[in-house]
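Good morning, everyone, and thank you for making time for this. I would like to walk you through a structure that may be new to you, so please have a look at it first.

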Amino acid sequence: MNTFPHEQVVEHTSETRAVFGFWVYVMSDCVLFASLFAVFAVLRMSTFGGPSGSDIFDLPFVLKETLILLTSSFTCGLGVLAARSGDRRATIFSFVWTFILGAAFVALELSEFAQLLARGEGPQVSAFLSSYFTLVGTHGLHVTLGLIWMLILIVRVVQSGLTRSTTRKLMLLGIFWHFLDIIWIFIFSIVYLIGVV
Amino acid sequence: MKNQREHVSVVPHRSALVGFYLVGFAFSILCTVSAYILVAWHLLPQGVLIATILELALLQCAVQMVCFLHLGLEKHSHLKLLVFGFALLIVAILIAGSLWIMHNLNEHMVMAPSQMELYMRHEGGF
């Protein structure tokens, strides 16, 4: 086949089929988030006398969260690259860092929720807060499940090395993790930034 | 030869991909911080600001999809792009449709309940 110097030919195997199948799942998850976004967009003004976005959102804090998750998406990408090249050390290093950053993100988000709940500004107060907690909470739940999956795979790599099956699973995790950061871009922009304007 | 072509993809090399990730990462930081600064320092009037933030978000999303998820970089990945396009269509209909319908419904809820009943009796419903 004619290829450019920076390209290589890859055969369609169970790996590419798994990646495509997982991609279809991720697209369906996008539709789920789209419906949560639609609900939030419709109900964002329904504060029922309670607080609005500008009352409760702390922008510097959210910027910190955003940059942490973005960096974890980057380290995750490096980790998948390392796995595909068979570099076990680099894979473990990258994914451990991804896990630490991801866990930090979840911790920050939980502290934000805890603060709101402590002030009595929970999801039961208004339609705006209900949709906010649901949208951001669903994303946080996805991240948490991704972290559990990541932990299991890291342990797998440490114990049994980079087998074909483990590498394939790391690729799927990579797709999942990148997708979560992309959803967060929209949460950051639409919920927090536009919510304050 | 023809059979071989149908069962392979052409993907960028590892060294080229590291470059992609770095560029994607740097660009995403730029978009994020720019959007943040625009809001935090009130640099634009409200209408323009909202449009700009949305554009920055879409731009960052596109960059991350290409650089991190390698969308469109692989040859012979038509099916992947098709699925993505379809999902995008559903998302657009969901969000635009919800906003339109709810806005339309809200417009009809402007009157007090007693006025509403009179209106409905006169006009025969909506």
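**Chain B and its contact with chain A**

In chain B, of the contacts with a separation of 6 or more, 52% are between residues 24 or more positions apart. Please keep in mind throughout that what you see is a predicted model.

Let me stay with chain B for a moment. It has five helices and one strand, and, read from the N terminus, these elements follow one another as α-β-α-α-α-α. The chain has 126 residues, of which 30% are buried, and its accessible surface comes to about 8,200 Å², with 71% of that belonging to carbon and sulfur atoms.

One element to pick out is helix H2 of chain B, residues 14-40. Its 27 residues, at 1.5 Å a residue, should span 39 Å, and the C-alpha atoms at its ends are indeed 39 Å apart, so the expected and the modelled span agree. Several residues of H2(B) are buried, among them B:Leu17, B:Tyr21, B:Phe25, B:Ser28, B:Thr32 and B:Tyr36. In an α-helix there are 3.6 residues a turn, so residues three or four places apart point the same way. Just after H2(B) comes B:His42, with a positive phi of about 50°.

Now, how do H6(A) and H3(B) cross? The axes of helix H6 of chain A, residues 164-196, and helix H3 of chain B, residues 46-67, come within 10 Å and cross at roughly 175°. That angle is why H6(A) counts as roughly antiparallel to H3(B). On the side of H6(A) the contact includes A:Ile182, A:Ile185, A:Phe186 and A:Ile190, while on the side of H3(B) it includes B:Ile53, B:Leu54, B:Ala57 and B:Leu58. By type, the residues of this contact divide into 13 nonpolar, four polar and one charged.

Finally, I would like to turn to two loop residues. Most residues other than glycine have a negative phi. A:Phe48, which is not a glycine, nevertheless has a positive phi of about 50°, and it lies in the loop between helix H1 (14-43) and helix H2 (53-56) of chain A. B:His70 also has a positive phi, near 55°, and is found in the loop between H3 and helix H4 (78-107) of chain B. Are these residues buried or exposed? A:Phe48 is exposed, because its relative accessible area is 73%, whereas B:His70 counts as buried, because its relative accessibility is 14%.

Note on methods: Residues numbered from 1 in each chain as written. Chains lettered and ligands numbered in written order. Predicted model: local features only at pLDDT ≥ 70, side-chain atom pairs only at ≥ 80, totals over all residues. Heavy atoms only, no water. Axes fitted to C-alpha atoms, helices over the stretch in contact; angles between N-to-C directions. Helix = DSSP H or I, 4+ residues; strand = E, 2+ residues; numbered from the N terminus. Parallel < 35°, antiparallel > 145°, perpendicular 65-115°, else oblique. Contact = heavy atoms within 4.5 Å. Nonpolar A, V, L, I, M, F, W, Y, C, P; charged D, E, K, R; others polar. Expected span 1.5 Å × (residues − 1). Buried < 20%, exposed > 50% of the residue type's maximum accessible area, 1.4 Å probe, protein only. Areas by Shrake-Rupley, 256 points an atom, 1.4 Å probe, with all protein chains shown as cover.
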